[in-house]
Amino acid sequence: MIRKLLFCFCLLPLFLSAQKPIELKKKFFGTYVGEIPAFQLDSGKDLLDVDQTIMKAVIESNNITFTIGNRALNGTYEVLFEGKKYFLLDCVIENQLAGERIVVYKKGNKISRDGLYPQPSAFLYLKK
């Protein structure tokens, strides 16, 4: 009986000290604007040239909205990691199988979006 109580008292602090989810600070919320560079898409038969496109990302407290050209994509995000110089966000977009990875830099008011192949990565800058 004493062993069971001692075991419970040893495990209780472990359960109580569970990590809280990392939250993005308010100063990183806002509208980021940039360009996706031109690239080539292999359709299997031909190489298609895709022109550069303006991209906008709006980061809010619980959700994120991407606007690429005239197409808007809504979703949510989770902060996976906080480093000394950046936050790493994993974005889940509605009606899209693959998620997006966003790096929010703590200095410089910019973010980096990792493009899904063959789309190149792009830097977006905070619009004031």
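# A guided tour of the chain

Start by selecting Met55, which sits in strand β4, the run of residues 53-59. This is a predicted model. Is Met55 buried or exposed? Met55 counts as buried because its relative accessibility is 0%, and the cut-off for buried is under 20%. Now add Phe123 to the selection and draw a line between the two C-alpha atoms. Met55 and Phe123 are 68 residues apart along the chain, and their C-alpha atoms are separated by 9.5 Å.

**The whole chain**

Zoom out and colour by secondary structure. The protein chain has 1 helix and 10 strands. Read from the N terminus, the order of elements is α-β-β-β-β-β-β-β-β-β-β. The chain has 128 residues, of which 23% count as buried.

**Strand β2**

Select Asp42 next. Asp42 belongs to strand β2, which covers residues 39-42. Asp42 counts as exposed because its relative accessibility is 57%, and exposed means over 50%. Then select Pro118 and compare the two positions. Asp42 and Pro118 are 76 residues apart in sequence, while the distance from C-alpha to C-alpha is 8.6 Å.

**The salt bridges**

Show side chains as sticks for this part. Side chains of opposite charge can pair when their charged atoms come close. How many salt bridges does the count come to? The count is 3 salt bridges, and the tour visits them in turn.

Select Lys106 and Glu82. These residues form a salt bridge, and their closest N and O atoms are 3.0 Å apart. The pair links distant parts of the chain, with Lys106 in the loop between β8 (100-105) and β9 (110-114) and Glu82 in strand β6, 24 residues apart. Lys106 has a relative accessible area of 24%, so Lys106 is partly exposed. Glu82 counts as partly exposed too, at 34% relative accessibility.

Move on to Arg101 and Asp90. Here the closest N and O atoms of the salt bridge are 3.3 Å apart. Arg101 is in strand β8 and Asp90 is in strand β7 (residues 86-93), so this pair also links distant parts of the chain, 11 residues apart. Arg101 is partly exposed, with a relative accessible area of 38%. Asp90 is partly exposed, with a relative accessible area of 21%.

Finish with Glu100 and Arg113. In this salt bridge the closest N and O atoms lie 2.9 Å apart. The pair joins distant parts of the chain: Glu100 in strand β8 and Arg113 in strand β9, 13 residues apart. Are these two residues buried or exposed? Glu100 counts as buried because its relative accessibility is 2%. Arg113 is buried because its relative accessible area is 2%.

**The second largest pocket**

Keep Glu100 and Arg113 selected, since both are among the residues that line the second largest pocket. To complete the lining, add Ile68, Arg71, Leu73, Gln96, Leu116 and Gln119. How much space lies in the second largest pocket? The second largest pocket holds about 160 Å³ of space. Colour the lining by class to see its make-up: 3 nonpolar, 2 polar and 3 charged residues.

**Two asparagines in loops**

Most residues other than glycine have a negative phi, and most peptide bonds are trans. The next two stops have a positive phi.

Select Asn95, in the loop between β7 and β8. Asn95 is not a glycine, yet its phi is positive, at about 60°. Asn95 is exposed because its relative accessible area is 84%.

Then select Asn109, in the loop between β8 and β9. Asn109 is also not a glycine and has a positive phi, of about 50°. At 36% relative accessibility, Asn109 counts as partly exposed.

**A nonpolar patch on the surface**

For the last stop, switch to a surface view and select Leu80, Phe81 and Tyr86. These residues make a nonpolar surface patch of about 260 Å². Where does Leu80 lie? Leu80 is in strand β6, which runs over residues 71-82. Leu80 has a relative accessible area of 38%, so Leu80 is partly exposed.

Notes. Residues numbered from 1 in each chain as written. Predicted model: local features only at pLDDT ≥ 70, side-chain atom pairs only at ≥ 80, totals over all residues. Heavy atoms only, no water. 1 Å grid on protein atoms, 1.4 Å probe; cavity = no way out; pocket = protein on both sides within 12 Å on 5 of 7 lines; lining within 4 Å. Points joined across faces, edges and corners; volume = space filled by probe spheres on them. Nonpolar A, V, L, I, M, F, W, Y, C, P; charged D, E, K, R; others polar. Patch = residues over 30% accessible without salt bridge, like charges linked within 9 Å, V, L, I, M, F, W, Y side chains within 5 Å. Areas by Shrake-Rupley, 256 points an atom, 1.4 Å probe, with all protein chains shown as cover. Salt bridge = Lys/Arg side-chain N within 4 Å of Asp/Glu carboxyl O. Helix = DSSP H or I, 4+ residues; strand = E, 2+ residues; numbered from the N terminus. Buried < 20%, exposed > 50% of the residue type's maximum accessible area, 1.4 Å probe, protein only.
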